[in-house]
Amino acid sequence: MIGFLRAIVIWAVVGAVAYFILRIYARSLRREALEKEWDAAPQGDTEAREAFIDKGMADYEGSLRNRLLVIIFVLPFIAIAVLLYLVNYA
């Protein structure tokens with residue numbers, strides 16, 4: 001039982017690290033796309049550019065793509081729970 005708990009803790013740490021790395025990477029890709037979009041057709045000074053990028057990043061934070069990254073962290077625990085149930089009770 002202790003070995004199983006240790007494996008769960010290690011899996012949680014690895015999953016959390018993978019989640020945060022992918023989240024940072026996805027945010028940087030989105031920010032870069034917004035910067036390229038602005039640079040293709042500039043519409044004002046640097047303050048307007050920053051406001052455009054900030055608004056785009058705020059929209060990204062609420063997007064489905066950003067929320068789907070949580071699957072990386074949650075799905076392994078759901079899979080373990082299902083396997084434990086199937087092995088022990090089915």
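Which residues does Arg31 touch, not counting residues up to four places away in sequence? Keep that one in mind, everyone, while I show you around. Please remember that this is a predicted model.

Let's begin with the helix that holds our residue. Arg31 lies in helix α1, which runs over residues 2-40. This helix has 39 residues, and from its first C-alpha to its last it reaches 57 Å, close to the 57 Å expected at 1.5 Å a residue. To get a feeling for distance along it, take Arg31 and Arg6: they are 25 residues apart in sequence, and their C-alpha atoms are 37 Å apart in space.

Now, the answer to my opening question. Arg31 touches Glu50, Ile53, Asp54 and Met57. Is Arg31 itself buried, exposed or partly exposed? Its relative accessibility is 28%, and buried would mean under 20% while exposed would mean over 50%, so Arg31 counts as partly exposed.

That brings us to the second helix. Helix α2 covers residues 46-61, which makes 16 residues; at 1.5 Å a residue they should span 22 Å, and the end C-alpha atoms are indeed 22 Å apart. Its buried residues are Ile53, Gly56, Met57 and Tyr60. Seen down the axis of α2, these buried residues fall within an arc of 100°, so they line one face of the helix. Here is a handy piece of background: an α-helix has 3.6 residues a turn, so residues three or four places apart point the same way. On the other side of α2 you will find Glu47, Lys55 and Ala58, which are exposed. And what covers the buried residues? The cover includes α1 and also α3, residues 64-68.

How do α1 and α2 meet? They pack at an angle of about 140°, with their axes 10 Å apart. That angle makes α1 oblique to α2. The crossing, as α1 passes α2, is right-handed. Among the residues that make the contact are Arg27, Arg31, Leu34 and Trp38 of α1, along with Glu50, Ile53, Met57 and Tyr60 of α2.

Let's move to another partner of α1, helix α4, residues 70-89. These two helices pack at an angle of about 155°, and their axes are 7 Å apart. Angles over 145 degrees count as roughly antiparallel, and α1 and α4 are therefore roughly antiparallel to each other. At this meeting place α1 brings residues including Phe4, Ile8, Trp11 and Tyr19, while α4 brings residues including Ile72, Phe73, Phe77 and Ile80.

With both partners on the table, look back at α1. Its buried residues are Ile8, Gly15, Tyr19, Ala26, Leu34 and Trp38, and what covers them includes α2 and α4.

Two last residues before I sit down. Ile78 sits in helix α4 and is partly exposed, with a relative accessible area of 45%. Although Ile78 and Leu5 are 73 residues apart along the chain, their C-alpha atoms are separated by 15 Å. Gly62, on the other hand, lies in the loop between α2 and α3, and with a relative accessible area of 47% it is partly exposed. Compare the spacing for Gly62 and Ile2: 60 residues apart in sequence, and 39 Å apart in space, C-alpha to C-alpha.

Thanks for listening, and do turn the structure around yourselves!

Technical notes. Residues numbered from 1 in each chain as written. Predicted model: local features only at pLDDT ≥ 70, side-chain atom pairs only at ≥ 80, totals over all residues. Heavy atoms only, no water. Helix = DSSP H or I, 4+ residues; strand = E, 2+ residues; numbered from the N terminus. Expected span 1.5 Å × (residues − 1). Buried < 20%, exposed > 50% of the residue type's maximum accessible area, 1.4 Å probe, protein only. Arc of directions from axis to C-beta. Contact = heavy atoms within 4.5 Å. Axes fitted to C-alpha atoms, helices over the stretch in contact; angles between N-to-C directions. Parallel < 35°, antiparallel > 145°, perpendicular 65-115°, else oblique. Left-handed = near helix turned anticlockwise from the far one by under 90°.
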